[in-house]
Amino acid sequence: MPARRDVRRSLTAAALDLFLAQGFDETTVDQIAEAAGVARRTFFRHFKVKEDAIFPDHDAMLREIVAHLEAASPLVPPLTAVTEAALMVLGTYAADPETSVKRYEVTRRVPSLREHEIAATSRYQRAFAAFLNERDGAAEPRRLRHEVIAAAVVTTHNHVLRAWLRGGGTGDVRDRLSEALSGILEGLEPWLDDRDRPRDGEDDVLVVVARRDTPLWKIAQEIEAARG
């Protein structure tokens with residue numbers, strides 16, 4: 001629905017400009033609606049409260065992330081799928097640098113808005129950890145490791161994003177995040193995969209018998225089940 005998206009963008013732009021010009025507490029919903037050229041009731045068709053007007057649609061984005069992770073092939077390493085998901089989240093900010101920079105400035109000035117966004121983005125961390133638990137087992141101590149990895153991915157994402165926003169939203173932030181995550185996860189991956197390395201005196205041989213026409217994804221599932 002392009003028209004609906006256009007109205008949302010207009011309301012967001014109006015809200016950000018007013019918050020920066022006269023302050024968050026001093027700005028009313030009526031003023032935002034008027035500046036966007038719509039009726040007050042139109043504002044409430046899109047947002048519950050004025051805080052919601054400046055943030056990305058995290059609910060919709062979270063659904064996309066969960067769908068992406070659920071659809072990830074068993075042949076794709078779990079950390080690769082999580083990295084791709086983090087880049088998807090970053091894409092919502094990189095798609096409109098001007099709005100993202102203004103949003104950052106507003107949230108920097110208003111602590112309650114900063115807390116609102118932190119709470120929203122923490123849901124991505126839970127989604128990443130849940131995916132790793134599903135793919136790699138949820139027993140301790142692996143569950144703790146997945147929580148640490150999910151937290152590291154979200155922290156890296158937020159650090160790179162904020163640095164990019166402080167710099168005015170210029171340059172390819174996706175490349176910056178990819179490079180940063182590669183460095184972080186390179187150090188964490190052996191910790192995640194330590195069960196895959198043979199102990200001293202142990203062999204690490206696994207034999208799988210399958211029909212010639214068995215799909216690769218099915219073979220991967222059989223291997224994971226045997227190793228589990």
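How many residues does helix 4 have, and what span does helix 4 reach from its first C-alpha to its last? In this predicted model, helix 4 covers residues 58–70, which amounts to 13 residues, and its end-to-end C-alpha distance is 18 Å, close to the 18 Å expected at 1.5 Å a residue. Its buried residues are His58, Met61, Leu62, Ile65 and Leu69. Viewed down the axis of helix 4, these buried residues fall within an arc of 100°, so they line one face of the helix. The spacing follows a familiar rule: an α-helix has 3.6 residues a turn, so residues three or four places apart point the same way. Arg63 and Glu70, on the other side of helix 4, are exposed.

It helps to see helix 4 in its setting. The protein chain contains ten helices and zero strands, so the order of elements from the N terminus on reads α-α-α-α-α-α-α-α-α-α. Of the 228 residues in the chain, 37% count as buried. Among contacts between residues at least 6 apart in sequence, 69% join residues at least 24 apart.

The cover over the buried residues of helix 4 includes helix 5 (78–94) and helix 7. The axes of helix 4 and helix 7 come within 10 Å and cross at roughly 10°. With angles under 35 degrees counting as roughly parallel, the two helices, helix 4 and helix 7, are therefore roughly parallel to each other. On the helix 4 side, the residues that meet helix 7 are His58, Asp59, Met61, Leu62, Ile65, Val66 and Leu69. Their partners in helix 7 are Glu117, Ala120, Thr121, Arg123, Tyr124, Ala127, Phe128 and Phe131.

One of these partners, Thr121, lies in helix 7, which spans residues 111–136. Thr121 counts as buried because its relative accessibility is 10%, and the cut-off for buried is under 20%. Leaving out residues up to four places away in sequence, Thr121 touches His58, Tyr93, Val154 and Asn158. Of these, His58 is one of the buried residues of helix 4, while Tyr93 is among the buried residues of helix 5.

Helix 5 itself has 17 residues and reaches 24 Å from its first C-alpha to its last, close to the 24 Å expected at 1.5 Å a residue. Helix 5 is mostly covered, with twelve of its 17 residues buried. Among them are Pro78, Leu79, Ala81, Val82 and Thr83, and the buried set also includes Val89, Leu90, Gly91 and Ala94.

Another threonine, Thr99, is found in helix 6 (residues 97–109). Thr99 is buried, with a relative accessible area of 18%. Apart from neighbours within four places in sequence, Thr99 is in contact with Thr12 and Leu16. Further along the chain, a cis peptide bond joins Glu140 and Pro141, with omega at about 0°. Pro141 sits in the loop between helix 7 and helix 8 (142–166).

Confidence varies along the model. The chain averages a pLDDT of 86, and 82% of the residues score at least 70. Among the elements, helix 2 (residues 29–36) has the highest mean pLDDT, 97, and helix 10 (residues 216–227) the lowest, 62. Over residues 195–202 the pLDDT is below 50, and this stretch has nine contacts in the model beyond near neighbours in sequence. Where pLDDT is low, the predicted coordinates should not be read in detail.

Definitions and conventions:
Residues numbered from 1 in each chain as written. Predicted model: local features only at pLDDT ≥ 70, side-chain atom pairs only at ≥ 80, totals over all residues. Heavy atoms only, no water. Helix = DSSP H or I, 4+ residues; strand = E, 2+ residues; numbered from the N terminus. Buried < 20%, exposed > 50% of the residue type's maximum accessible area, 1.4 Å probe, protein only. Contact = heavy atoms within 4.5 Å. Expected span 1.5 Å × (residues − 1). Arc of directions from axis to C-beta. pLDDT = per-residue confidence, 0-100. Axes fitted to C-alpha atoms, helices over the stretch in contact; angles between N-to-C directions. Parallel < 35°, antiparallel > 145°, perpendicular 65-115°, else oblique.
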